[in-house]
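This briefing summarises selected structural features of one protein chain and its ligand. Please read it alongside the sequence and the model displayed below.

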Amino acid sequence: MCTVCGCGTNEVSIEGGAHEHAHVHADGTVHTHRHGHDHEHGHDHDHHAHGGDLDYGSGPAHAHAPGLSQARMVQIEQDILSKNNGYAAKNRAHFDEHGIFALNLVSSPGSGKTALLVRTIERLKDQVAIAVVEGDQQTANDAERIRATGVPALQINTGKGCHLDGHMIGHAIERLAPAEDSLFLIENVGNLVCPAAFDLGEQHKVAILSVTEGEDKPLKYPDMFRAADVLLLNKCDLLPHLAFDADLAEANARRVNPNLTVFRVSASSGQGMDAWLDWLAAGLERQRGKRVETVAALKARIAELERQLATRYSPGN
Ligand SMILES: Nc1nc2c(ncn2[C@@H]2O[C@H](COP(=O)(O)OP(=O)(O)O)[C@@H](O)[C@H]2O)c(=O)[nH]1
Ligand SMILES: [Mg+2]
């Protein structure tokens, strides 16, 4: 994944705000990979050869960067991900306390994330409060597409970065201040690799695969389909015009993740959207339940503390 180069960590800008610096690579380690050509080619260590093919994913880091040892890469990745996980845990606690159902939409560019969001928002916006985070390397185009529906959206531009992280989403929560019992939709940067590794504090990652991309993508990019709980197979309106085998695509996705829930949908025609919306409604209800539980637990704790105080300071004690 992209932590092999720590890419783009200096170029993040959140719409309407100041530039962000050095939150991922606070220990500075990600810059140590420059120009190691003379010492560590690692031709004999970092890859296995199968016949004439090269496999750079077989070492402990499951990746390769010129001039970086596998051990160093593993260390860098662990540093970055553990910091990210701290931010993600805070986001998740916030979502649970406030009954917010948060989803992280991940896919390759162009599979229809924004189109699906717009279609989903149009169907739901009168029933539930919704806020959207849009991640792209450049432009605020997608946030503008969402705002056109009347729902608040925040664009995050990641510069050369190829994924959103937990820290960025923490800022997005501050900016958007999502309502209690609301739906918080995050469209990640179009990329079938890096966003898989980064927890944002969401309840679920939702992978989108469109029928023009080929049935084999879950096998080629298994991390993403393993990290997701739901797969939206989009652009099903095009199936009559294609040789795409939707059953095979689903079977491939379930090979890497047997627990995947799959919906066949079309953002263009609206087909299949009812089942997806039912799934969303169930998730919203679950999160609302979590908030009520959290509040009840807090009230019980306060009552208990008050009882202890009263005992301690009652006359005669
Ligand atoms: N035929 C068809 N086209 C779609 C569908 N969903 C999205 N598209 C088109 O696919 C292109 C990319 O969509 P977009 O929502 O920008 O994808 P994103 O990059 O994943 O956000 C656009 O031209 C959409 O109009 C769909 O269900 N059917
Ligand atoms: Mg988009």
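Helix H2 covers residues 113-124, twelve residues in total, and at 1.5 Å a residue it should span 16 Å; its end C-alpha atoms are indeed 16 Å apart, so the expectation and the model agree. The model is a predicted one. The protein chain holds eight helices and ten strands, and 36% of its 317 residues are buried. Among contacts in the chain with a separation of 6 or more, 74% join residues 24 or more positions apart.

**Helix H2 and the ligand 1 site**

- Within H2, the buried residues are Lys113, Thr114, Leu116, Leu117, Arg119, Thr120 and Ile121.
- H2 also supplies the largest share of the shell around ligand 1, namely three residues.
- The shell has 16 residues, of which Gly112, Lys113, Thr114, Ala115 and Ser268 come nearest to ligand 1.
- Sorted by class, the shell around ligand 1 consists of nine polar, four nonpolar and three charged residues.

**Helix H1**

- H1 has 28 residues, and at 1.5 Å a residue a span of 40 Å is expected; the end C-alpha atoms of H1 lie 40 Å apart, which agrees.
- Buried positions in H1 are Met73, Ile76, Glu77, Ile80, Asn84, Tyr87, Ala88, Asn91 and Phe95.
- These buried residues of H1 pack against strand E4 (101-106), helix H4 (166-176), E7 and H8.
- Glycine 99, which follows H1, has a positive phi near 70°.

**Packing of H1 against H8**

- Two packed helices are described by the angle between their axes and the distance between the axes.
- For helix H1 (residues 70-97) and helix H8 (residues 273-313), the angle is about 85° and the axes are 7 Å apart.
- H1 is therefore roughly perpendicular to H8, since angles of 65 to 115 degrees are placed in that category.
- On the H1 side the contact is made by Phe95, Asp96 and Glu97, and on the H8 side by Gln287, Lys290, Arg291 and Thr294.
- In terms of class, four charged, two polar and one nonpolar residue form this contact of H1 with H8.

**Alanine 196**

- Alanine 196 lies in the loop between strand E7 (183-187) and strand E8 (204-210).
- Is this loop residue buried or exposed? Alanine 196 is buried, because 21 other C-beta atoms lie within 10 Å and 20 or more suffice for that class.
- Leaving aside residues up to four places away in sequence, alanine 196 touches Val106, Asp223, Met224 and Ala227.
- Alanine 196 and alanine 227 are 31 residues apart along the chain, yet their C-alpha atoms are separated by 6.0 Å.

**Positive phi at residues other than glycine**

- Histidine 62 is not a glycine, but its phi is positive, near 55°.
- Histidine 62 is located in the loop between strand E3 (53-55) and H1, and it counts as partly exposed because it has 15 C-beta neighbours inside 10 Å.
- Lysine 235, likewise not a glycine, has a positive phi of about 70°.
- The loop between strand E9 (230-234) and helix H7 (246-256) contains lysine 235.
- With 26 C-beta neighbours inside 10 Å, lysine 235 counts as buried.

How values were computed. Residues numbered from 1 in each chain as written. Chains lettered and ligands numbered in written order. Predicted model: local features only at pLDDT ≥ 70, side-chain atom pairs only at ≥ 80, totals over all residues. Helix = DSSP H or I, 4+ residues; strand = E, 2+ residues; numbered from the N terminus. Expected span 1.5 Å × (residues − 1). Buried ≥ 20, exposed ≤ 12 C-beta atoms within 10 Å, placed from the backbone. Near = placed C-beta within 6 Å. Nonpolar A, V, L, I, M, F, W, Y, C, P; charged D, E, K, R; others polar. Axes fitted to C-alpha atoms, helices over the stretch in contact; angles between N-to-C directions. Parallel < 35°, antiparallel > 145°, perpendicular 65-115°, else oblique. Contact = placed C-beta atoms within 7 Å.
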